Protein chains: 4
Amino acid sequence: MLVIMEPEATEAQVRRLEDRIREMGYEPHVMEWPNQKAISVTGNQGSGDRVYLEGMQGVFKVIPITRPYKLASREVHPENSIIQLGEARFGDGNVVMIAGPCAVESEEQTLRIAEEVQKRGGQVLRGGAYKPRTSPYSFQGLGEKGLEILAKAREKTGLPFVTEALDSGSVDVVANYADMIQIGTRNMQNFILLKAVGRVGKPVLLKRGMSATMTETLMSAEYLLSNGSREVVICERGIRTFANHARNTLDISIIPALKQESHLPVIIDPSHSSGQHYSVIPHALAGIGAGADGLIVDVHDRPEEALCDGPQALLPEEFSQLMYIARGVCAAMGKTIGFPQVR
Amino acid sequence: MLVIMEPEATEAQVRRLEDRIREMGYEPHVMEWPNQKAISVTGNQGSGDRVYLEGMQGVFKVIPITRPYKLASREVHPENSIIQLGEARFGDGNVVMIAGPCAVESEEQTLRIAEEVQKRGGQVLRGGAYKPRTSPYSFQGLGEKGLEILAKAREKTGLPFVTEALDSGSVDVVANYADMIQIGTRNMQNFILLKAVGRVGKPVLLKRGMSATMTETLMSAEYLLSNGSREVVICERGIRTFANHARNTLDISIIPALKQESHLPVIIDPSHSSGQHYSVIPHALAGIGAGADGLIVDVHDRPEEALCDGPQALLPEEFSQLMYIARGVCAAMGKTIGFPQVR
Amino acid sequence: MLVIMEPEATEAQVRRLEDRIREMGYEPHVMEWPNQKAISVTGNQGSGDRVYLEGMQGVFKVIPITRPYKLASREVHPENSIIQLGEARFGDGNVVMIAGPCAVESEEQTLRIAEEVQKRGGQVLRGGAYKPRTSPYSFQGLGEKGLEILAKAREKTGLPFVTEALDSGSVDVVANYADMIQIGTRNMQNFILLKAVGRVGKPVLLKRGMSATMTETLMSAEYLLSNGSREVVICERGIRTFANHARNTLDISIIPALKQESHLPVIIDPSHSSGQHYSVIPHALAGIGAGADGLIVDVHDRPEEALCDGPQALLPEEFSQLMYIARGVCAAMGKTIGFPQVR
Amino acid sequence: MLVIMEPEATEAQVRRLEDRIREMGYEPHVMEWPNQKAISVTGNQGSGDRVYLEGMQGVFKVIPITRPYKLASREVHPENSIIQLGEARFGDGNVVMIAGPCAVESEEQTLRIAEEVQKRGGQVLRGGAYKPRTSPYSFQGLGEKGLEILAKAREKTGLPFVTEALDSGSVDVVANYADMIQIGTRNMQNFILLKAVGRVGKPVLLKRGMSATMTETLMSAEYLLSNGSREVVICERGIRTFANHARNTLDISIIPALKQESHLPVIIDPSHSSGQHYSVIPHALAGIGAGADGLIVDVHDRPEEALCDGPQALLPEEFSQLMYIARGVCAAMGKTIGFPQVR
């Protein structure tokens with residue numbers, strides 16, 4: 001890190017800082033140029049050190065000059081990571097389509113929707129067996145029974161599936177069934193869960209927290225990668241802001257920014273950002289325009305009966321409409337989306 | 001408005017509210033249904049009344065049941081407004097391309113860039129003669145001299161131009177030259193300026209404030225429309241959030257939301273949202289995907305010499321690249337962008 | 001809930017809604033008044049239903065008319081809850097002082113600081129044995145060894161202690177040692193953890209999530225209360241906003257708002273909101289002024305050696321200074337703070 | 001500024017940057033230390049240069065090492081500024097009390113309330129003659145007639161008054177009457193207005209914009225100071241965040257932060273932050289606790305008749321209650337508030 005001194009800092013203040021830095025176990029290197037002094041600090045520093053030094057007399061500010069994440073950064077992995085899931089490839093320049101019901105409600109419902117998704121071009125199935133719900137009085141998911149249903153849907157349609165693990169205690173059972181494990185928004189900084197999911201080594205879909213910065217999101221990916229994951233896909237699903245005309249504010253600006261910083265694929269969830277089915281397609285196309293490597297979309301054929309988030313689900317025919325327009329948009333960008341052969 | 005009572009509200013509290021509502025000059029209508037009472041209030045109420053009643057004993061909450069904007073709403077104007085500016089038509093289902101330098105720096109620079117814009121498909125020229133700058137020590141624009149230069153550029157290229165008015169005092173001089181008057185982000189709630197611009201009756205480009213809700217944005221449009229404007233285009237240019245990986249957070253979710261509420265065209269400014277030229281094209285395509293009626297883009301052929309916002313300007317060849325991809329994206333959505341005949 | 005119709009809604013639209021509401025299993029009650037119709041819906045509805053109905057033709061908006069939380073609300077518990085922890089009483093009108101190191105680093109460090117806290121008027125000891133850290137490369141806490149140290153500090157000083165449980169897997173071990181279990185900010189919506197902590201029945205300190213609304217905060221309290229907790233204290237510790245001059249934005253406005261809605265005590269954490277020791281006292285006094293029932297403050301006698309958040313720790317003598325001023329402020333408000341008898 | 005290179009930046013990239021910096025008219029100074037290079041740039045740079053260089057190959061980040069504001073900073077003015085208005089002194093360590101109606105509605109109303117304010121300890125009168133209103137259909141103020149009424153109230157009570165100027169066109173007339181000119185929240189970055197108000201040289205009350213950073217707020221103060229103002233008081237009145245339980249989120253953290261950076265006095269407006277009279281006193285005391293140099297409070301004796309913001313006005317007896325408690329709180333902090341002699 002670099003300690004920038006105030007223009008009027010005294011020699012004594014500089015010397016006091018050098019001593020303190022050595023006491024902390026690091027090496028100070030004083031640099032001077034017209035009207036300014038700075039101290040470069042080498043050795044591996046924690047973020048607390050930075051703030052601590054910033055509080056000292058004569059210091060203007062302290063600047064970290066390395067990224068806090070390593071494995072998630074392009075520094076150590078300059079090429080895009082490509083993550084294969086069934087026939088879908090995240091990060092190869094095309095757009096992967098993940099779709100399915102918000103929650104697994106019954107075998108019949110899930111198989112029915114999975115088939116709709118598959119025949120309309122979806123490549124990966126989504127569906128929640130364990131549901132994190134704001135209210136303790138809402139439907140909390142079918143649990144392992146839901147995982148069994150998803151496995152049947154995979155068998156029937158050939159689609160791999162992604163589903164959420166809520167807690168370190170259920171990671172193993174989810175990993176037994178799922179092709180990809182989702183970390184939900186509210187759990188992005190549940191570090192115990194991240195470690196547990198990292199250890200099982202399966203592909204992970206990491207949803208950005210509702211108020212997570214890009215750096216924090218990459219630090220959570222770093223938890224996964226440093227604990228054993230090799231395949232992490234990041235998902236933008238809307239952030240919390242003052243704006244109240246949509247369920248969340250879809251932050252498409254994180255897509256090009258993440259692409260610069262990291263080799264990990266990035267997808268978007270237009271259903272949870274919009275919250276209303278009429279705006280899912282605009283959000284989805286915006287994500288593609290911004291360069292997303294994939295979409296994850298709620299689809300339900302009877303949204304008025306859905307036990308979770310029905311209002312934001314696309315009907316199967318709306319999903320086809322999305323696929324149709326998105327195909328053209330992708331083509332204009334030199335990409336494909338979903339399974340090209342179907343319908 | 002509707003006054004919803006607490007379930008345990010007493011008869012006396014209901015009667016007290018009825019009296020108060022009558023004292024305020026409105027008419028109360030008590031309604032009852034199982035376990036609940038409410039009072040509908042008719043008569044034209046201010047927003048203060050609502051909050052005032054909400055503070056009274058026995059009241060659970062008070063709900064406005066009408067929109068505060070009229071002229072800007074689809075209630076009074078169900079069809080999309082179409083606003084013609086030269087050959088460009090905002091709101092007709094296609095995408096208008098506005099481009100040019102952030103600031104007018106000199107005649108030579110402006111004419112040079114205007115020609116680039118015109119020959120690469122831009123339909124409207126942008127350029128600031130009066131610049132609102134965060135620092136009093138930054139370049140503040142050429143003023144009326146800048147307007148003269150823009151008029152010359154219009155003469156040379158045939159492109160109409162949009163430029164900002166900063167203050168009621170300079171509205172008339174801006175209106176003398178400009179085809180469309182821009183209200184900047186920081187002035188969205190400068191109500192004196194809105195009234196002055198409304199009175200001159202020219203087309204207006206109203207930029208959403210950095211932390212304006214959709215309702216506030218439409219209320220500012222209402223100021224313009226109720227003071228004489230007939231042609232108002234709204235521009236989303238990024239909002240202020242905790243996210244720090246882009247200059248602003250482009251809120252594409254306001255596009256479908258505004259389309260539901262209002263008949264006014266909506267465009268986006270990907271240059272001011274991204275702040276870095278490498279992410280302008282992703283932001284621009286995201287805006288098109290979300291359904292924007294147009295784009296306003298900074299273009300500069302020598303961004304390193306620009307007196308304002310050089311880093312976010314597209315080079316002319318990058319602008320062509322945007323036009324090229326955007327054309328395909330628009331085609332996939334059943335739209336066109338910019339002048340179709342050129343390059 | 002109440003379904004407010006658009007002024008121009010047709011009879012057919014109203015009838016279609018009535019049918020749909022009955023299909024959903026609820027009872028519709030149509031109400032009319034001049035120029036407006038609404039439908040009151042009785043029966044227990046989920047939040048999805050509301051959004052679903054809002055998407056239907058002719059509907060202006062849908063308004064929930066009951067609170068989603070029950071046990072946390074003043075409706076079912078009009079009096080303030082008073083929660084006793086050792087000699088401290090949260091919610092009795094006075095201000096409880098919780099203090100101690102951010103992390104338990106060693107037995108020696110913890111005992112040393114605990115004694116400082118005790119002798120300077122602190123009533124409850126804080127200290128993290130399991131630490132949630134943004135970086136996988138930071139100190140993660142001493143685990144159960146840390147709990148043993150805290151228990152020794154309790155024995156030595158007589159102070160009860162609060163410490164964080166990170167995961168459902170470690171709730172039992174934390175509950176074995178701790179007097180009060182903390183749910184951290186990043187875990188406020190870790191619902192599995194909330195349920196597990198609820199079940200052990202110990203007093204809980206629930207920290208508000210960084211971007212949680214008041215309603216969401218109360219819903220998390222509701223998870224605890226509906227799973228067995230009887231004693232929940234809410235803690236405001238700063239929210240995430242665009243403001244970058246403090247570590248977080250201390251939202252003191254939630255204190256009077258929570259006091260209106262809920263019977264649960266509310267405390268504030270000025271150390272995590274300010275992030276810099278020089279502003280901890282201003283944040284703390286602001287919290288008291290706003291009506292907080294307590295404070296939780298980082299204290300460290302050697303902040304430059306702290307393994308976690310040293311820069312925001314008060315020195316013991318600064319802690320005394322805070323106690324001194326806070327005592328006067330509390331007295332002016334008719335309250336006391338901390339142990340009155342000491343220093 | 002400092003240009004920090006990527007660890008893997010090449011010699012050629014460093015040389016290319018040096019050339020570019022020279023072309024921009026500045027002087028580069030290359031510095032090296034283990035595994036890192038940086039270039040210090042001297043000469044007066046604009047903020048655009050920084051972002052521009054940040055976009056170049058091999059650059060990790062670019063860091064400004066000077067503050068963009070001068071006159072507002074403690075660098076040039078290390079002592080607190082003390083601003084005298086009548087008998088009130090902002091910044092002398094005590095707390096100034098400004099109070100009065102939100103809007104001047106009539107002579108009778110204003111005189112009545114002014115007397116209440118004066119006799120209960122207020123030192124400065126507030127009242128809006130020109131009102132910025134979100135809706136064009138709301139009461140817009142009495143204009144110059146309102147200023148005359150305020151002058152009468154001053155004559156009668158001896159209290160100086162502060163009132164808002166909305167536009168450069170009305171600055172002179174406001175300055176003719178007022179003792180202190182208020183710049184409203186929505187006008188904090190109306191730079192034309194700032195210049196005009198700066199030029200008249202009267203004391204200014206600058207309200208922080210709803211989404212203004214601390215730096216932007218100080219830059220607006222810099223506009224005033226560099227155009228002629230010598231006496232500027234900053235006012236925090238709540239920022240816009242996701243939180244919806246208060247009208248705005250009172251950001252008390254800016255008080256200690258501003259005190260570090262700037263010599264200007266800072267006051268808070270608890271009425272506009274809370275929006276509801278029941279929470280005005282908690283907000284006010286929080287501001288005092290955080291170190292504010294003053295308060296500006298809405299007082300109205302008939303809030304249900306108020307033409308603007310009635311719900312947030314304190315009744316005269318509530319104002320006395322605030323004064324009473326605040327006096328004790330101030331005493332505990334070694335300060336006084338309001339006129340000490342009265343009641």
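Below, a colleague asks a modeller how the descriptions of this predicted model were reached.

Colleague: Let's start with the whole chain. What makes up the secondary structure of chain A?

Modeller: Chain A has eleven helices and 14 strands. Its C-alpha trace spans about 75 × 45 × 35 Å along the principal axes.

Colleague: How many residues does chain A have, and what percentage of them count as buried?

Modeller: There are 343 residues in chain A, and 62% of them count as buried. To earn that word, a residue needs 20 or more other C-beta atoms within 10 Å of its own. As for contacts in chain A with a separation of 6 or more, 66% of them join residues 24 or more positions apart.

Colleague: Which domains does chain A have, and how far apart do their centres lie?

Modeller: The domain assignment gives domain 1 (2-63) and domain 2 (83-332) in chain A. The C-alpha centres of these two domains of chain A lie 45 Å apart.

Colleague: Now for the copies. How do you know what relation holds between chain A and chain B?

Modeller: Chain A superposes on chain B after a rotation of 180° with 0.0 Å of shift along the axis, at an RMSD of 0.1 Å. That is the relation of a two-fold axis, so the name follows from the rotation and the shift. In chain A, the C-alpha nearest the axis belongs to A:A286, at 1.9 Å from it.

Colleague: Why do you say that the copies meet through the same surface?

Modeller: Because 100% of the interface residues of chain A are also interface residues in chain B.

Colleague: What about chains C and D: how many residues does each give to the contact?

Modeller: Chain D gives 37 residues and chain C gives 37 residues. On the chain D side, α8 (254-261), α9 (270-274), α10 (280-289) and α11 (316-332) each supply at least two residues. The largest share, six residues, comes from α10(D).

Colleague: What classes of residue make up the side of chain D that touches chain C?

Modeller: That side of chain D has 22 nonpolar, 14 polar and one charged residues.

Colleague: There is a four-stranded sheet in chain B. What makes β2 and β4 of chain B its edge strands?

Modeller: The order in this open sheet is β2-β3-β1-β4 (chain B), with antiparallel pairing. β2 (27-33) and β4 (59-63) of chain B each pair on one side only, and these are the edge strands. Neighbouring strands of this sheet are turned by 20° against each other on average, direction ignored.

Colleague: How do you know that β1(B) and β4(B) are paired?

Modeller: Pairing needs at least two bridges between the strands. Strand β1 (residues 2-5) of chain B and β4(B) have four bridges, in the antiparallel sense, so by that cut-off they count as a pair. B:M5 stands opposite B:V59 in β4(B).

Colleague: One residue caught my eye, A:D309. What is its phi, and where does A:D309 lie?

Modeller: Phi of A:D309 is near 55°, a positive value in a residue other than glycine. A:D309 lies in the loop between β14 (294-298) and α11 (316-332) of chain A.

Colleague: Why is A:D309 called buried or exposed?

Modeller: The cut-off for buried is 20 or more other C-beta atoms within 10 Å. A:D309 has 23 of them within that distance, so it is buried.

Colleague: And what can you say of B:D309?

Modeller: B:D309 has a positive phi of about 55° although it is not a glycine. Its place is in the loop between β14 (294-298) and α11 (316-332) of chain B. With 23 C-beta neighbours inside 10 Å, B:D309 counts as buried.

Key. Residues numbered from 1 in each chain as written. Chains lettered and ligands numbered in written order. Predicted model: local features only at pLDDT ≥ 70, side-chain atom pairs only at ≥ 80, totals over all residues. Least-squares fit on C-alpha atoms with pLDDT ≥ 70 in both. Contact = placed C-beta atoms within 7 Å. Nonpolar A, V, L, I, M, F, W, Y, C, P; charged D, E, K, R; others polar. Buried ≥ 20, exposed ≤ 12 C-beta atoms within 10 Å, placed from the backbone. Axes fitted to C-alpha atoms, helices over the stretch in contact; angles between N-to-C directions. Domains from an automatic or database assignment.
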